[in-house]
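Okay everyone, thanks for coming. I'll walk you through one structure today, going piece by piece, so have the picture up while I talk.

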Amino acid sequence: MAGNTFGHLFRISTFGESHGEAIGVIVDGCPAGLQIDLEFIQSELDKRRPGQSKITTQRKESDTVQILSGTFEGKSTGTPIALLIPNEDHRSKDYEHNKTVYRPSHADYTYDAKYGIRDHRGGGRSSARETAARVAAGAIAKLLLQHYGIGIFAHVSAVGTINAPNLEALPLASLLEQREENIVRCADPATANEMIEFIDSVRKDGDTVGGKISCIIQNCPPGLGEPVFDKLHADLGKAMLSINAVHGFEYGSGFSGSEMRGSAHNDIFLTDGEHAPKTLTNFSGGIQGGISNGMEINFTVAFKPVATIMHNQQTVNAAGEAAEIKGKGRHDPCVVPRAVVIVEAMAALVLADQLLRNKTSRL
């Protein structure tokens, strides 16, 4: 299935199901000689793993990653890198009640309609558990980007109607430190406390809530992105919209830009005569004509509420008969705290791929 592969030159293929033996990923196209830091890869997975706080799913997975191929003496060899993450705490019995019943707003019906068969245990391949493989691959992409001085930072900027203030362009290390000081992963401490209390109250109500994740990419060189169909923002949009529960993507001024006049929205170029030109404003979000312009790239991703709620809901079964269902098992009341590192991973995969592609653009 082509839908399991992402990227052109820096290319990944993920495999596995939520309640199978393991999940994993093959990373192909990583240049030889890159230092593969296993501790860093594991630290990235630890940010996504379940059971890490009271506002996340209580499924207990260590998400311990194993590198099976593609490295020698700690460096990439240029051959496919295989990473495996065993599933340790799968409780398939939690899903027996919906074996023939379609959960509202899940992929149960659509998978059945497409394939004529589905894995009802946690959604199988449609489960967000698959994103752990992306995080592992994204960590390798981050290591490649770090080699070129490119940094990526995302944080929870909204939960429901609670919005964090816009952050100034601080060093990524400072933003990262502020984000990791709270379980909701919002870089504004005051807003974080409000978000945590709200998510916990939603959890106690047996309900769920959506949110937004904002991301910035610093030190991206100008010139990344293809001019027509594989524009940089188009690739970023596809990457983000491929993440479970994502319902929206905007970059730069986003939808608010449609309310402005061109005289206010245009990013005026400035130069000191020695360095590459900068812009006075950044409504373009660091991308113009689908190609990076050297300014900070910024975008926001909107996540819907998790579909599994602990309330009775009306639905239908595979026979087309009316049925009732109530959520069981272990689920996130709000997905965004664990999705921050997924957003970063997908952004890193896009940039790593575009970086390598750009090396073929001219002599």
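**A helix on the inside**

Let's start with helix α3: 15 of its 17 residues are buried, so the rest of the structure largely encloses it. Keep in mind as we go that this is a predicted model. How far apart are the end C-alpha atoms of α3? They are 24 Å apart, and that agrees with the 24 Å you'd expect for residues 131-147 at 1.5 Å a residue. After α3 comes Gly149, with a positive phi near 75°.

**The sheet**

Next, find the open sheet of five strands. Reading across, the order goes β9-β8-β10-β16-β11, and the pairing is antiparallel. Which strands stand at the edges? Those are β9, residues 162-163, and β11; each has a single partner strand, so one side of each has no neighbour in the sheet.

Now zoom in on β8, residues 151-159, and β10, residues 211-218. These two run antiparallel and are joined by eight bridges. To pick out one pairing, Ala154 has Cys215 in β10 as its bridge partner. Then there's a helix packing on this sheet: α8, residues 336-358, which touches β8, β10 and β16. The direction of α8 makes about 145° with that of β8.

**Two helices crossing**

Stay with α8, because we need a partner for it. When two helices pack, we describe them by the angle between their axes and the distance between those axes. For α6 and α8, the angle is about 145° and the axes are 9 Å apart. The crossing is right-handed. From α6, the contact is made by Leu232, Asp235, Leu236, Ala239 and Met240. On the α8 side, the residues include Val343, Met346, Ala347 and Val350.

**The listed binding site**

If you follow the chain on from α6, you get to Ala245, in the loop between α6 (232-241) and β11 (246-251). An unreviewed UniProt entry lists Ala245 under "binding site", and others on that list include Arg125, Asn244, Lys304, Ala307 and Arg330. Is Ala245 buried or partly exposed? Its relative accessible area is 21%, so Ala245 counts as partly exposed, since buried means under 20%. Leaving out residues up to four places away in sequence, Ala245 touches Ala302, Phe303 and Lys304; Lys304 is on the UniProt list as well.

Compare Ala307, in the loop between β16 (297-303) and β17 (312-316). At 15% relative accessible area, Ala307 is buried. With the same sequence neighbours left out, Ala307 touches Pro104, Ser105, His106 and Gln313.

**Positive phi values**

Here's something to look for in the backbone. Most residues other than glycine have a negative phi. Ala245, though, has a positive one, near 75°. Another positive case is Arg185, with phi near 65°. You'll find Arg185 in the loop between α4 (172-179) and α5 (189-204), and at 7% relative accessibility it counts as buried.

**One last loop**

I'll finish with Ile268, which sits between α7 (262-265) and β12 (269-270) in a loop. Ile268 is partly exposed, at 47% relative accessibility. Leu280 is 12 residues away along the chain, but the C-alpha atoms of Ile268 and Leu280 are separated by 5.4 Å. Not counting residues up to four places away in sequence, Ile268 touches Lys278, Thr279, Leu280 and Thr281.

Note on methods
Residues are numbered from 1 along each chain as its sequence is written. This is a predicted model: local features need pLDDT of at least 70, side-chain atom pairs count only at pLDDT 80 or more; totals for chains, interfaces and linings use all residues. Side-chain values use heavy atoms; hydrogens and water are left out. UniProt positions are given in the numbering used here, feature names are shortened, and annotations may be inferred rather than shown by experiment. Helices (H or I, at least four residues) and strands (E, at least two) are DSSP runs, numbered from the N terminus. Buried means under 20% relative accessible area, exposed over 50%, partly exposed in between (1.4 Å probe, protein chains only). Contact means heavy atoms within 4.5 Å. The expected span of a helix is 1.5 Å times one less than its number of residues. Two strands pair if DSSP finds at least two bridges between them. Axes are lines fitted to C-alpha atoms, for helices over the stretch in contact, and angles run from 0 to 180 degrees between N-to-C directions. A crossing is left-handed if the near helix is turned anticlockwise from the far one by less than a right angle, and right-handed if clockwise.
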